[in-house]
Every structure is written in structure tokens, then in C-alpha cells.
Amino acid sequence: MALPLIEKLTLRWFTRDISARAALVANALHDSTIDALASRDARRLVLLFDRTAQDERVFGIGLCGSDGGVFARSNAFPATLSCADAKQTAGLGDPRITLPGGAVLISRHPLAATENSEIGLEPTPELILLHDLSFIERRSLDTRRYLIAFLATLGFVVAIITMLVAQISWRGWIAGARALLRGDVVPVGPLAVRPELAPLAEELRGRLRQLEDEYRRARGPETGWTPERLRGLLHSELRGDEIIVVSNREPYIHDRDQQGVRVRRPASGLVTAIEPVMRACSGTWIAHGSGTADRDMVDLDDRVSVPPDHPMYSLRRIWLTPEEEQGYYYGFANEGLWPLCHVAHVRPVFRESDWEAYRAVNQRFADAVVEEARTEDPVVLVQDYHLALVPALVREKLPQATILTFWHIPWPNPESFGICPWRREILLGLLGSTILGFHTKFHCKNFLETVDRFIEARIEHEHSVVAVAERETFIESYPISIEWPHPTEGEWASPADCRHAVIGRLGFPEHAIIGLGVDRFDYTKGIVERLNAVERMLEKHPNLRGRFVFVQVASPTRSTLDEYRAFQQQVERIASRINARFGSGCYQPVVLLAEHHDHGQLIELYRAADICVVTSLHDGMNLVCKEFVASRDDEQGVLVLSRFAGAAREMHEALIVNPYHVEETADAIYRAARMSSGEQRERMISLRHTVRDFNVFRWAGRMLSDAARWRLRARVEERVRKHGLPEFDGR
Ligand code: ADQ
């Protein structure tokens, strides 16, 4: 479209130039032409015209005489071109004619009299100049080529630039849209914080959440471990065999106070884990009756049905004298084995008298198992480090029993375990089990190495089996968990209401960022390290002073032991120090709630908190972090988790820290305090999947399935031994 326009324009310019040039040439020829004309010398004129026409632009020159004919013409001037035609064309708007050699432009220039000569002729002779226009065509062809090339190059460059710009802005849009959908603030780019986009983003987020929920509902539980499935397993694979649990801690404690008898659930990870399993499979739980009203609540066989409001299984209580409790529980178990297995820099203490008490009490528990067993091959679940001798003691009396022992705390390396003067006895006691479970593969490995170091045994590393005197024990990891909650409508207050209640009760500022720790008052839980990290964070980030609050719930435990009393005092001192440094007016950054909380109170705190901090220095698993995650159905809240807790091996979306590194922990708490709600949600969704799918029924189910396999194998072996061996021997 542009080309004809450009051609027209260039032609007009050239025509104007040529006309001006023609006037110049005509002027130059004027006088000589008049002289030659005066002498009627046509030859001279031809010579004059030919010379002038040597100029490449002048094609030909002719002189029209007063008679109307061509008086003289240059060689190239066409003989066919009459003066009349030439004059007529020259008068047109487009004074061009086409000759065989190409287009020419015609101009006419009348001759006027000069000073020396008078023409005196009528009409006046005129010079006709023919100008070569072929160069214009050549130029216009070149121009056309250049123009096409230029436009093509320009188009190409523009296309590239457009693509680049589109790419960059598309990425910007995508990143911005993603950030908006996550609920982040978009600081730059096309979607940078614009109030008008907020409702749109909110709507999109809502829709996404809806789609995810639909997807989750459609997918159903991944591993699908429920109480029903566990019950089904017990009936199908274990043929409804009886289940006996034996542990030191009882699941329900009856205490007497001024109002009468109260039932209490102890702060214990073991109880948290085993209770739902017992509810699912009934059976009998044997445990130490430690409550002040426990004796009043049992029948003649020391049994009571629990849970009190909806009995589902039987609790058999064992009575211990204060001396027995001192030696077995406080002494050997908690001053010896607990610090031995938790490498937490508190020295284990081993006393002969404690060991004697430990042995005697373990015998009492084993006897109770034998008493409770209605068959010769019950499934016995032995729990924890208080009862390490029970498996072998039960095995002596009930050789057909399937004994599953679970060690709830870490198992240290052989060097550390070697400190124990009764290491052989402990190992042989545990190896009375059919299956011995730990939380992690790492603890299993440590156990196998310890066996290898201290006793005569055949170890099949490939199958994770230890055999002592041909009696085999399968060593396996079974990461423990909690029951996934299914709160009934209205049972849980909304997180906003929980927050409101906690802020009101503890006198926090309205926009407080709430950090939370929930533990027993135990030196392995890293409470001191956690408070030091909180202090360091407030030191580094003064902007959070007056806003960040840390609630440490710690239920007193083993308080008769010096180590525990000193530890509680140390924590109280540190909390006071932080409050003195950073508190002002009614703002106290650390609130220490040194008391037992019931389940509902813990749920309220978990749901109110922005951050849950678990900084165990060494922990078998740690259930607090799983409880926090399970309580956050709003998919908000950040978990800061010690890498030394077994849970860190599953809960990768937590902010994992080394609690010994104060700076790192402080930075993680700060990061959690500033984490966008979008990132919180992403992490929390993933954590919730893990805890829901790997729940406590899966833990129990896996162990009981393995037990069923071993029972089957044992029965086949027994049959072969009884009926198959004679034939086999050929006797
Ligand atoms: P614990 O050392 O008792 O368990 P943990 O797993 O954290 O530790 O469980 C503590 C339980 O007690 C939780 O259910 C928690 O809610 C409750 N609790 C803590 N403080 C409380 C308080 N103040 N009031 C009320 N309840 C409180 C041991 C091992 C762990 C392992 C469990 C289970 O040390 O590593 O995870 O057994 O195997």
C-alpha cells in the first residue's frame, strides 16, 4: 500500500527537480540558440544541442520554429515527435511520454529577445527539452527493494521484541497470580498490591480450596487406617485373639480432691498413642495404679472398665509401694535408662538397689500378664523402657505368646548404652519379644549394633532378625502417631474464637503473634534452648517486642528427682529474665503455664497459636507436633521442629532446626512469625496429609500384621516339629 504512494511522491519531487534543471539548461542555451537562429545556421544548432544532450539526464533537444515545425533537433530527439504534440504534452499536469528507450519528461521554453538581437518572429520559437526519466524507474526499483528489505527486517525485530516482552510479562503475571492465590502480598509487577484485585483473588482462592477439598474427598484416605480396619485385622489375621497391653503409665488416673473423685488423663505420648488402639480392639491394659483414688475404683481383681464415660476395655492396676516406685520408676527407669537413651548431656545414675527394684517390679508386671491371659498364646504389647525385662519373663511362662515390645524413646549407640552395668540383662529381656519396635530405622540400627557388641547372638542384618538360643526376634521401625481427630459439629471452637479466648485470658495484645510450646517439664524437650532462641529473636528484631508472645505449657513430671526440680527452676529463671528484659507495662513476652492441661485446653491453645515450637534435644518421635498439625483444620500455623525428634523424618514441611544452635532456632521462629498465610497453608496441607495417613492405627496395624505373620509361621513350625520331624528324620 505504501509503495505506490512513495513512488508518486518521488516522481513529483523528481519532476519538480527536472523542471528546474530544464529551465537552467534552457537559459544556458538561450543566447547561443538565438545567435544561431539569427544566422539561420541549423547545423550549428544541432551541434550545440548534441553537446548539451551529452548530459545523461537530457535525452534530446529540439527547436520549434515560428512556422510550427522542428527547425533543429539533437540526434536523440525523435523524428516522430511533432512540435504541436510536444507543446501539448508539456502543458499537461503529467508531461510524460513513453519512447522505446523509456519514459521522458517534456518541457518547453520560449525564446525571448536579448539585448543584442531581436527575434521579431511570431509565434516565438521554443526550445523543447526531453529529459530522461528511466533513472527514476531504476531508483524507484532500488527504493522498492530497500523498502521491502527494511520492512521485513523491521517486522522480524519487532516480532522478536514482542515475543520477549510477552514472555517477560507473562511470567510476571503468572508469578503475580500465583502469589495472589497463595494470599501473598505482590510488591511489584502488573499484579502489584491493588485493592481492586483483592476480591477477585479471594474468590479464586476460595474456588481453589473448594476444588482441593473435592479432590481430597474423591480420593479418600490414602492409607485408610481406621479403628474399623484395625478391628477387622484383629478378627481376620489374628482370629480375634486376646490383646494385652502392659505399660507403666495408666491411661486413666482416679484422683481424690475436695470435690470427690476426678478422672485425669496423664500427659504421656505413650498413652496418647495406645489408648485409641485399645478402644478399637478391647482387651486388657495392665498398668501401675498411681492415682490417689485408684484403689477405690477397681473390682476385686483390681480391674476397672474404661473410658469411664463409655467403657470399651479393661484396665488392670498394679500396686507399687513407694519404695518400689522410687527404685524402679524414679531410680532405674528415669535416672538410669532415660538419660542413657536420650543423649541429652545429663548423666545416667545406676544404683544396685534401683536395679533390684526394677527387676522385682518387672516380675510383678509379667506375673500380671500371665494372670490376665485366658489363652496360652495371647498377643502381648509391652510398652517402653520401664518394662525391658517383661518380654523374657512372660516368654518363660507363656512360650507361645506373641510379644510385641515397643521402645518409645531413642536407642543410643553401643558406646553410650555400654555405660549401663546391666546391659546384658536388658538386652536379653527385650529379646524375649517376638517383635521389637522402634520409631526409626536409625534406632533399629543402633540396637542391632548394641546386641552385636554385648551378647552372643546370631544377627541376620538382611532380615533384621536377632536369634538368641534359636529364639528369634524381629527388629523393625514403626513410627508412632496419633489418632486423626474427627471433631463433631461445634466441638471445636473456630481458630479465631480460640485466639480471642487465649488473648483475653492471658492478657495479650490484640495483634499478638502467639508462639506455643507444649511439653512435660523434661530436660530432653529443649525448653531452655527454645526460650533462649525466643530471647535472641526479640534481641535481633525489636519490631516484634510488644507483639510476639510465647506460651510454654509444661506439666510437672518426675518432680521428686533433683534433676527435674533444678530443670524446672532453671526454666522459670530464664522466663523471668526474658520478661524483665523485654516486658513492659502489661506486656510479658513469655508466659509459663506449669500445669497439666486437659485435652480441650490443649486444642484451644494449638488452634490459637501462630507457631508451635518443638525443640527436643532428642526424642523418639514427639506427638505434640502431630497434635498441633491435626488440630489445624484451618490449614494455618507454622511448625518449628527439632531435627533430633523422630518426627522430623516424616514432617519435612516443618521449619527444621538444630535446637543447640540458638541463632538458627531464633531465625526459624522469626521466619515463622513472618510467613505468609499462603506458604503456611501449603506447608500445613502437606503436614496434615502425613499425620492423617500415617496415624496411630497404621502404627498398630503394621505391628499387628507383622505379628500375625509371625504367629502363622510359628504355628507351621510347631506342626512340623510335632508331626513332620519323625518322617523328615527318617525315624
Ligand atoms: P513423651 O516424652 O511423653 O512421649 P510426646 O510424644 O511429646 O512426649 O507426648 C507428650 C504427650 O503429652 C502429648 O500427647 C501431649 O499432648 C501431652 N502433654 C504434654 N504436655 C502436656 C501438658 N502440659 N498437659 C497435658 N498434656 C500434655 C514418649 C517419647 C516420645 C514419643 C512418645 C510416644 O518420649 O518421643 O513420641 O513417647 O511414643
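Is Glu275 buried or exposed in this structure? Glu275 is buried, with a relative accessible area of 1%; "buried" stands for under 20% relative accessible area, "exposed" for over 50% and "partly exposed" for anything in between (1.4 Å probe, protein chains only). Some notes follow, with the ground rules up front.

1. Ground rules. This is a predicted model, in which local features need pLDDT of at least 70 and side-chain atom pairs count only at pLDDT 80 or more, while totals for chains, interfaces and linings use all residues. Residues are numbered from 1 along each chain as its sequence is written, and side-chain values use heavy atoms, with hydrogens and water left out.

2. The Glu275 salt bridge. Glu275 pairs with Arg279 in a salt bridge, with 2.8 Å between the closest N and O atoms; the term requires a side-chain nitrogen of Lys or Arg within 4 Å of a carboxyl oxygen of Asp or Glu. The two residues are 4 apart in helix H7 (residues 269-281), so about one helical turn separates them. Helices here are DSSP runs (H or I, at least four residues), as are strands (E, at least two), numbered from the N terminus. Unlike buried Glu275, Arg279 is partly exposed, at 25% relative accessibility.

3. Arg558, a residue with two contacts. Arg558 forms a salt bridge with Asp522, the closest N and O atoms being 3.4 Å apart. Arg558 lies in the loop between strand S19 (548-555) and helix H17 (562-582), and Asp522 in the loop between strand S18 (513-520) and helix H16 (527-540), so the bridge ties together parts that are 36 residues apart in sequence. Both Arg558 and Asp522 are buried. The charged end of Arg558 also sits over the ring of Trp338, 4.2 Å from its centre; this label needs NZ of Lys or CZ of Arg within 6 Å of the ring centre and within 35 degrees of the ring normal. Arg713 is placed over the face of Trp710, at 4.6 Å from the ring centre.

4. Other salt bridges. The whole structure has 48 salt bridges. One of them joins Arg671 and Glu679 (3.3 Å, N to O). Arg671 is partly exposed at 44% relative accessible area, and Glu679 is partly exposed at 25%. Shared partners also link Glu535, Arg536, Glu539, Lys540, Arg577, Arg581, Glu663 and Asp667 into one network of salt bridges.

5. Aromatic pairs. Rings of Phe, Tyr and Trp (its six-membered ring) pair if their centres lie within 6.5 Å; planes under 30 degrees apart are stacked, over 60 edge-to-face, and the rest tilted. By this rule there are 22 aromatic pairs. Phe332 and Trp355 have ring centres 5.1 Å apart and planes at 50 degrees, so this pair is tilted. Phe332 belongs to helix H9 (residues 322-341) and Trp355 to helix H10 (residues 352-372), 23 residues apart. Phe332 is buried, at 0% relative accessible area, and Trp355 is buried at 1%. Ring pairs join both of them with Tyr328, Phe350, Tyr358, Phe365 and Trp422 in a cluster.

6. An edge-to-face pair. Phe644 and Tyr660 are 5.9 Å apart centre to centre, with 65 degrees between the planes, which makes the pair edge-to-face. Phe644 is partly exposed, at 27% relative accessible area, and Tyr660 is partly exposed at 37%.

7. Cysteines. The structure holds 1 disulfide, a term for a pair of cysteine sulfur atoms within 2.5 Å. This link joins Cys64 to Cys83, S to S 1.9 Å, and is left-handed, with -100 degrees about the S-S bond. Cys64 lies in strand S1 (residues 58-64) and Cys83 in helix H3 (residues 83-90), so the pair ties together parts 19 residues apart in sequence. Cys64 is buried at 2% relative accessibility, as is Cys83 at 3%. Why does Cys612 not bond to Cys625? The sulfur of Cys625 is the closest cysteine sulfur to that of Cys612, but at 7.4 Å it is too far for a bond.

8. A nonpolar surface patch. Phe156, Val157, Ile160, Ile161, Leu164, Val165 and Ile168 form a nonpolar patch on the surface, with about 680 Å² of accessible area together. Patches take residues with over 30% relative accessible area and no salt bridge, joining like charges within 9 Å and nonpolar side chains (Val, Leu, Ile, Met, Phe, Trp, Tyr) within 5 Å. Accessible areas come from the Shrake-Rupley method with a 1.4 Å probe; for residues, only the protein chains shown count as cover. Leu164, in helix H4 (residues 134-182), is exposed at 52% relative accessible area.
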